[in-house]
Structure formats: structure tokens, C-alpha cells
Amino acid sequence: MSYPAANFADALVEGFPTVLSATSIPEHKLIRIVLYGVSPEREDGMWQSGVWRAQRRAEHKRLGVENLSAEPRDTTSSSSKTEGSKHHEESMISQVKKPVTISVIGEMPQFVHIEQEIMQPSSSKAIQCCYNDSVPEKEHYSVNMKDNHINLKLDDQSIVIGESSTSGPLESSRVLNLAERDLCELPEKPGYQNPLLLFLQRNNRLTHIDFSYFENMPDLRFLDLSDTKIRILPSSLFNLSKLEVLMLRNCMGLDTLPPEIGKLNHLKVLDLLGTELYSLPNEIDQLTLLRHLQLSFYGPDNESEYAHLPSELISDTVLSKLKALEALSIVVHPEDHRWKKIAASIMKNVSSLEELSFIQFYFPEVENFQDFIQVRPSWKKQRFWKFGKTGNSWERLRKFKFIVGDNVKRIVSRVPAEVESLFDQQDQSLRFVNVDKVPQVIKTVLTRVTAFYLDHHIEIQSLSEFGNSNFKVLKFCVVTECSKIQAILDEKTTKVVFPSLEYLGVYYLWELKRICKTPLHSGNFKALKYLIVNTCPKLQFLLWESMLPSLSNLEELIIEDCESLEKIVVDEKKKVDYNGKVLPRLRKLVLHYLPKLTSTEILDEILCRRPEDGISIKACPKLKP
């Protein structure tokens, strides 16, 4: 796979070609690229999974396992630039020499105005701060101040910060917002007045914080360092005895938490989603007030790299001591055999956590998942369903993201990134991967799932094998690379199927011939808004004519790269009543690379009623203009 020179942030090394192959770069050349300023802050998925991982492999070989906890060397040149930067290269602190007013943009637009006079990093001039009473929502959390406490809303959790810790209203405290300011350095001894909340996220060039930086912030409750390139946490951070929230999302340079993390015994939130750690220190079990914990672990693509990594990702007893946990997310490399060895024991300890309302977990074996759901009576009774007048309903576990099966690492997914992202945003999701048959536990859980991703199965022939009646609450469904599926539904049924489904995406089903094997009665797919079919070379037609009245809510229809498709809708003998219009709400129609698709009366009617800007037709030579 090749990377254009522009992808290396203007950091071409002498003698390198314009286009570089990540698989052919010698190890010493790759290190040389890093030294000459290639910044690992590229947020392109190829960059992260390719060159960034290659850099880590080279670094592991150089350092050896005994030095993994040491601070990594600075690989970012002072001359490298962040793509799309809105500011000059110099640090804002050393650049600004007159009073300015900053209106915060991006994640927290205009909720804080910072009146500041900053001279040099060593200056004792204070940043004067003030804030409004309300804080608008960010991407994944919002902060609201009221009376003498702060309310944090994070992933549907509501967490009170600083309750009964201050006398009088919080207006007398300080909020310091330096988010997204293109900082590359911070003063050794800042002159800021003792802040309560400190926002430093999205400073993509910030790689180092002086060890004494937090010494004069004894009242700090909230700290966000997400999306920075810090490589080691300063020692003064671990003396913040009142710190309750520590956000460290997507810190690509940070790979180790020191044992001192256990000193922060007032922490309620520790969020490291997207920050790939080598391992988790056992001292985490001292954070007994922790309510929200999100973890990501680094896993190598190269088997030889395991020799330079810790033998264990996490102790199997650590999590069981965090009795207050309400939200737990653990993200691992799907092929990391270290996780596969401990997943069962971790699951056993997690199942004892009585307060959990959100969990994200990868179960490499179906048996582990079955044990988690069914075998443990206390968990089954208390966590999953409660019997009452309204029947079964999930009680505690309001949000979950399960991956079950033999998952694999894909450098390039055949499912578009935006679809993967939409799936990840769903609250009750199940990704079922590469398993020979459909176990009963999967059918049981599907009755509570709103998002289902069927991935890489070689035996499953249709979704009907999961039981059509189990999809009553399903809203989002992706089916990809299942080599034997010939129809999404292959059972004739008199019951309504997929009554809540809003999104159906079908990708790379080599044997698919139609969506439904037989016509369905009215009422099926009645909530469907988005239907996407991509790369199904044997697809003959998409819909039965009798399905059209049920698709009155369909807004987008996208069909691409289906070389055998002749008709979108196939006629039936019986007369169908459309109530005046075919697909009345359709606003987007994409027909690409369909060489056999021919015009029909129904298709012509759809094309005539759609505005031109909502239609895209490419490589369909048999369609009438």
C-alpha cells in the first residue's frame, strides 16, 4: 500500500521517492523518517494502522522490553506542522504579547472567554478566566455548573463533581479553557489562578508537560488532555488529591500509566478510549470511587513484537475491586492472544460488578459470552431482565457493545468508515463475527439488540436462521462478507418482519440473489429509511413489487457494483396498490456500475419524481436517458 508524500506532513527524507510503500521501507529508513519530522498525529486510518504501528515495532526492537515504561523519545520535529492548523507554528504562549480575547471554538463553542496577557512561558502573568453558568455539550460529554457542584454528563451517565467541597457557589472558582489552541508547550510554573476545571484537549502539537506544571492547582477537579501528543504524565499530576475526572482520549504518544495513578483516589472518571496502553497497572484497584473506566490496549500486527511487550494486559482481579463502576469499556486488538487467554477470567470478575449500566467487551469465544449471559444466575436475574406486568425488559444494562466470535484485524474494511462509525454510536449493539453456527444465546440477546453487525460467516445462509421474531427492536443492521447468503430473509412468514429497522446495509455478499426469497405481506420493513447494497455480483433484483407499499418511509436507496442486477423491482401477478406514489419519501437514489440494469415503468416513475440533485447514475448503459 502506498502513501503520497503529502501524507508525511512535508517531511520527505533526502533520497526517498515521491510515493513510499509502507511495506518496503527498511527499518532504519522508517526511523529516519520519524526523526526528520513525520508526525504520528495523522488521524487517517491508514496512517494509524500502518506507519504508526510500524514505528512502534521499530521502537520496541530498539528499546527492548525492559524500557517500555520509559518516556518515548520525541519524534516530532519542531518544524513539522499539523494539517489544517489555524495558527502559527510558534507556541501561543510565546507568541502572544498583548491582551487578547479568545472565544473557544470546536467542542465547547463560546462557553468560556479567556482574557489573557501572556509574555513568555516562564512569565508569572496569570490568565484571567471567567465562565458562564452553562456549558454546551461536547462530542462525548457536557459539563453544567449549578450551585456548589458540577454535573458531568458522559455516555448517558450523570456524575456530580466537587459536591460539598466548596463553600458558596462555584462562580468564585476558576475554569481555564486552553482547548484547541495549537499549543506546543506549556509554562513550567504557570501563573494561572488555581483552576477547578482545566481543558487542554486537541492541542495536537503538545508532546510534553513539565513535571511541576500542576503544583499550584490543588483544587483541580477536572482535567482533559485528550487528543494531545503527550508521552508521559507529569509527576505533579498525581498529587492532585481532589481530581475526580481525568480525560486522556486518543493520546497516541501515551502508552503507559505509572503506578502513581493509584494516588488519585478521588477519581470518578478515567477515560483512555483510543489511547493504546501496553498494560494496566495493578494500582488501578485503589481507585475505589471510580464510576467510569474506558480502556484501550495496544496489540501488535507482527507476532515477533510480542517478545517486547508485557506478557499480561491486565490482572484478572483488578476490576472486581472497583465496586462503584457503572461504565466499563475495554478495547483490544482483535487478534491479541494475551486477551484471549484472560478474557474468560476478566468476564467472571466483571459479572460481579452490581452497578454496571454500560459495558463494552470482546468475547473471543461464544462459550464465554454464554457464560456471561446465562450461566451466572445472579447476573442474569439482576442485570438483564426483570419480570413484571409489562413482561421482560432489561433493567440495569441500558447500554452495551458486544463483539462475539473470532474477530480479525482489518487494515481496510469493506464497509465504509462512516457506516462503521454509525454502528459504533448505537447504544445496544452486537457484532457477531466468524462463527460456524448460530447459538441460542445469540438469538436470545438479539431480542434486546438495536444494532446488529453480521460479519465474515461461511455457513450462515440468511438472517432467518436467527429467528425472524427476534428482530422486533432492531433499528440498524449491517451484513458483510457472508459467503453463503442468498437472501437476507428466506422464510415465508405471515408475521411482520423488521418492524423497527431503519438502516439495512449489505456489502460483499457473493451469492446474494435477492433481499427476500419470497414476497412479503404489507407491514414488513415499514420503518426502513436507508437501504444500501454494495458489491453483490449475483443479485438479480432487489425488491418484490408487493414490498413497495411498506417502504413508504424509504429516504435513500443506494445500489453499487452489482453486475447481474437487471431490475430493482420485479413485477408480480397480483395488482399492488401504491396509494398514489411509489416510494414517496425517497430523496436520494444512487445507481452505480450496474451494467445489466434496464428501465421499467416503476423505475421510470421514481426517476421522474426525484430532483436531479438527488439522483446519481453511473455506468448503467442500458438505462434510458
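The following legends describe an overall view and several close-up views of a predicted model.

**Figure 1. Overall view of the predicted protein model.** The protein contains nine helices and 29 strands. Of its 625 residues, 53% count as buried. The accessible surface amounts to about 27600 Å², and carbon and sulfur atoms contribute 48% of this area. Among contacts in the protein with a separation of 6 or more, 66% are made by residues 24 or more positions apart.

**Figure 2. Helix α4 and its kink at A343.** Helix α4 covers residues 337-350. The helix has 14 residues, and the distance from its first C-alpha to its last is 20 Å, close to the 20 Å expected at 1.5 Å a residue. A kink of about 45 degrees is present in α4, with A343 at its centre. A343 is itself one of the buried residues of the helix, together with R338, W339, I342, I346, M347, N349 and V350.

**Figure 3. Surroundings of R338 in helix α4.** The relative accessibility of R338 is 5%, below the 20% limit, and the residue therefore counts as buried. Its side chain reaches the backbone oxygen of P310 at 2.8 Å. P310 also appears among the contacts of R338 outside its neighbours within four places in sequence. The other residues in this set are Y278, Y298, G299, P300, Y306, L309, S311 and L313.

**Figure 4. An aromatic cluster that includes W339.** W339, F361, F363, F369, F372, F400 and F402 form one aromatic cluster. Within helix α4, W339 is buried.

**Figure 5. The aromatic pair of Y508 and W510.** The protein has 23 aromatic pairs. In one of them, the rings of Y508 and W510 are arranged edge-to-face, with 5.6 Å from centre to centre and 75 degrees between the planes. Y508 has a relative accessibility of 19% and so counts as buried, the limit being 20%. W510, in contrast, is partly exposed, its relative accessible area being 33%.

**Figure 6. Surroundings of W544 in strand β25.** Strand β25 comprises residues 541-544. W544 is buried, with a relative accessible area of 14%. The side chain of W544 reaches the backbone oxygen of C516 at 2.8 Å. Beyond its neighbours within four places in sequence, W544 is in contact with C516 and also with R514, K517, T518, P519, V569, V570 and E572. For P519, which lies 25 residues from W544 along the chain, the separation of the two C-alpha atoms is 5.9 Å.

**Figure 7. The backbone at L583, in the loop between β27 and β28.** The loop that holds L583 connects β27 (567-570) with β28 (588-592). L583 is not a glycine, yet its phi is positive, at about 50 degrees. The relative accessible area of L583 is 2%, and the residue is buried.

**Figure 8. The backbone at A619, in the segment after β29.** Strand β29 spans residues 615-618, and A619 lies in the segment after this strand. A619 has a positive phi of about 55 degrees although it is not a glycine. With a relative accessibility of 43%, A619 falls between the limits of 20% and 50% and therefore counts as partly exposed.

Methods: Residues numbered from 1 in each chain as written. Predicted model: local features only at pLDDT ≥ 70, side-chain atom pairs only at ≥ 80, totals over all residues. Heavy atoms only, no water. Helix = DSSP H or I, 4+ residues; strand = E, 2+ residues; numbered from the N terminus. Buried < 20%, exposed > 50% of the residue type's maximum accessible area, 1.4 Å probe, protein only. Polar contact = N/O pair within 3.5 Å; in protein donor to acceptor, adjacent residues only side chain to side chain. Contact = heavy atoms within 4.5 Å. Areas by Shrake-Rupley, 256 points an atom, 1.4 Å probe, with all protein chains shown as cover. Expected span 1.5 Å × (residues − 1). Bend = angle between axes of the 7 residues up to and from the residue. Phe/Tyr/Trp six-rings, centres within 6.5 Å; stacked < 30°, edge-to-face > 60°.
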